[in-house]
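The exercises below are meant to be worked through with the sequence and the three-dimensional view side by side. Try each task before reading the solution that follows it.

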Amino acid sequence: LRATQDGPVVLYEPESNARALHEMRVEALLCKAIADDELELHYQPQVDLSNGHVAGAEALLRWTSPALGVVSPGEFIPVAERAGLIAALGDWVLRRACQQIAQWRAEGVPPVRIGVNFSPLQLQRRDLAQHIQAILLETGAVPALLGVEVTEGSVMADVGHAAAVLREIKALGVEIALDDFGTGYSSLSRLRSLPIDVVKIDRLFVHDVTAASEDVSVTRALITMAQGLQLKVLAEGVESEGQLSLLAANRCDLIQGFVFSAALPADAFATLLREGRRLPDRFVTRVRRTR
Ligand code: C2E
Ligand code: MG
Ligand code: MG
Ligand code: MG
C-alpha cells in the first residue's frame, strides 16, 4: 500500500494481473476519449492575497468515461505516459486552454492567466516552445494569458534541458510555474538557473499548516526562500480559513484551494470572473505590505 498525493490509498503491486488488465482497459478507452469528446477542462481559481482578486486559474483535465465513470487525472495521466498517449492528450489540453483564452477574450470576460500542466515526458520534447508558439498562433490566444506548470521532479530530472526549454517558452511571453514545490529536495542554487516566475508550494505542506506542526516552519521557509529569489509564491490545496490566515501572515502571494473554490467548468469560471468574486477583506494583505 502506498499513500498517494492525489488520492487516498491505492494498491501498488506492479505484477498484479488485475492491475495490469485495468490499465490496459484504461489505455484502450483513453485512446478513444479524445475523439469521442469525453474530455473537459475545469478551471480552479487562483487568488492574489494582496487584493483578494482572482488572478488566474489552473486548467485541470477531467475525463468522464461512459464505461468507467469519472477517472481522476492522477490515475490516467501516468497511464497515458506509459502508453505513449501523453503527447496527444497534452496537445488536446494545450489547444483547448488556448481556444478558451481566445474565446473568453472575444466574449469580454475579464482576462486572467490560465495555467496548463505539462507532464515530465512532455517537457522532454526538444521543440516544445515552437510547438506552444504554433498553438498560440493557431488559436489566437495572447501569450501573456498562458502559463505553463512543470513539476519540480520533471525539471530536476535534467536541469540543463529544462532550463533551455523553459527559457524559450518564457521568451514567448508565457509564465512559468514550478509545481509541487517542496516534494523534490531542490537546492536553492539549482532553482536559480531556471527561468521560473512562480513557485507552487505543494499541498502536503499546506495541509497541516495551522496545527502546531513543523509544516508551519517548512512553509515559512519555502516562502522566504522563493521570495529571496524574486519568485512569487502560490500555496495550493488551501482548504480552511485558518490555513489562509496563516499563509497571508507569512506573506504568501497567491493561493488556490477549496477554501475559495474547487475547479469549475468553463462557464461557471467565466461567471465568477464577470461577477468579480473575491476574497473577504480580512484575508487581504495589501494594507500590511511593506514592499
Ligand atoms: P496538480 O497540478 O498539483 O493539481 C492540483 C490538484 O489538487 C488537482 O487535482 C486539484 O483538483 C486538487 N486540489 C485543488 N484544491 C484542493 C484542495 O483544497 N484540497 C485538496 N485536497 N485538493 C485540491 P486533480 O485535478 O485530480 O489533478 C491531479 C494531478 O493531475 C494534478 O496535480 C496534475 O499533476 C495532473 N493533471 C491534471 N490535469 C492535467 C493536465 O491537463 N495535464 C497533465 N500533464 N497533468 C494534469
Ligand atoms: Mg498543477
Ligand atoms: Mg500542484
Ligand atoms: Mg500536486
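For the first exercise it helps to know how residues are sorted: Ala, Val, Leu, Ile, Met, Phe, Trp, Tyr, Cys and Pro count as nonpolar, Asp, Glu, Lys and Arg as charged, and the others, Gly among them, as polar. Please keep in mind throughout that this is a predicted model.

**Exercise 1. The surroundings of ligand 1**

Task: Find how the residues of the shell around ligand 1 divide into nonpolar, polar and charged, and which elements supply them.

Solution. Begin with the residues themselves: there are 22 around ligand 1, and those that come nearest are E58, R62, R203, E239 and F258. Sorting the shell by the classes given above yields seven nonpolar, six polar and nine charged residues.

Next, turn to the elements. At least two residues of the shell come from each of β4 (54-65), α2 (73-82) and β8, and β4 gives the most, with four residues.

Then look at individual atom pairs. An oxygen atom of ligand 1 lies 2.7 Å from a polar side-chain atom of R203, while an oxygen atom of the ligand is 3.3 Å from an N or O atom in the side chain of D180. On the backbone side, a polar atom of S119 is 3.5 Å from a nitrogen atom of ligand 1. As for the area, ligand 1 taken alone exposes 800 Å², and the protein buries 86% of that.

**Exercise 2. Two magnesium ions**

Task: Work out which residues coordinate the magnesium ion (ligand 2) and which coordinate the magnesium ion (ligand 3), and then identify the residue that coordinates both.

Solution. Start with the magnesium ion (ligand 2), whose donors are E58 (OE), N117 (OD1), E149 (OE) and D179 (OD), at 2.0 to 2.2 Å. Along the chain these donors follow the spacing E-x58-N-x31-E-x29-D. Two of them can be placed in strands: N117 lies in β6 (residues 113-118) and D179 in β8 (residues 175-181), so this pair ties together parts that are 62 residues apart in sequence.

Continue with the magnesium ion (ligand 3), which is coordinated by D179 (OD), D180 (OD) and, through two OE entries, E236, at 2.1 to 2.6 Å. Here the spacing of the donors reads D-D-x55-E.

Comparing the two lists answers the last part: D179 coordinates both ions, which are 3.7 Å apart. To finish, consider accessibility, where buried means under 20% relative accessible area. D179, at 6%, is therefore buried, and D180, at 17%, is buried as well, whereas N117, at 27%, counts as partly exposed.

**Exercise 3. The place of Q256**

Task: Decide whether Q256 is buried or exposed, and find the side chain with which its own side chain makes a polar contact.

Solution. First locate the residue: Q256 sits in the loop between β11 (254-255) and β12 (264-265). Its relative accessible area is 2%, so Q256 is buried. The polar contact is made with the side chain of Q44, at 2.6 Å.

The wider surroundings can then be listed, leaving aside neighbours within four places in sequence: the contacts of Q256 include Q44, P45, Q46, K200 and L234. Among these contacts are also E58 and E236, of which E58 is a donor to the magnesium ion (ligand 2) and E236 a donor to the magnesium ion (ligand 3).

**Exercise 4. Backbone angles in two loops**

Task: For Q230 and R251, establish in which loop each residue is found and how accessible each one is.

Solution. Q230 has a phi near 65 degrees, a positive value in a residue other than glycine. Its loop runs between α10 (214-228) and β10 (232-235), and with a relative accessible area of 70% Q230 is exposed.

For R251, phi is also near 65 degrees, again positive in a residue other than glycine. This residue is placed in the loop between α11 (241-249) and β11, and at 30% relative accessibility R251 counts as partly exposed.

Methods. Residues are numbered from 1 along each chain as its sequence is written. Chains are lettered from A and ligands numbered from 1 in the order in which they are written. This is a predicted model: local features need pLDDT of at least 70, side-chain atom pairs count only at pLDDT 80 or more; totals for chains, interfaces and linings use all residues. Side-chain values use heavy atoms; hydrogens and water are left out. Buried means under 20% relative accessible area, exposed over 50%, partly exposed in between (1.4 Å probe, protein chains only). A polar contact is a pair of N or O atoms within 3.5 Å; within protein, one must be able to donate a hydrogen and the other to accept it, and residues adjacent in sequence count only if both atoms are side-chain atoms. Contact means heavy atoms within 4.5 Å. Donors are N, O and S atoms within 2.8 Å of the metal (3.2 Å for Na, K and Ca); water is not among the atoms, so sites may look incomplete. A residue is near a molecule or strand if one of its heavy atoms lies within 4 Å of it. Accessible areas come from the Shrake-Rupley method with a 1.4 Å probe; for residues, only the protein chains shown count as cover.
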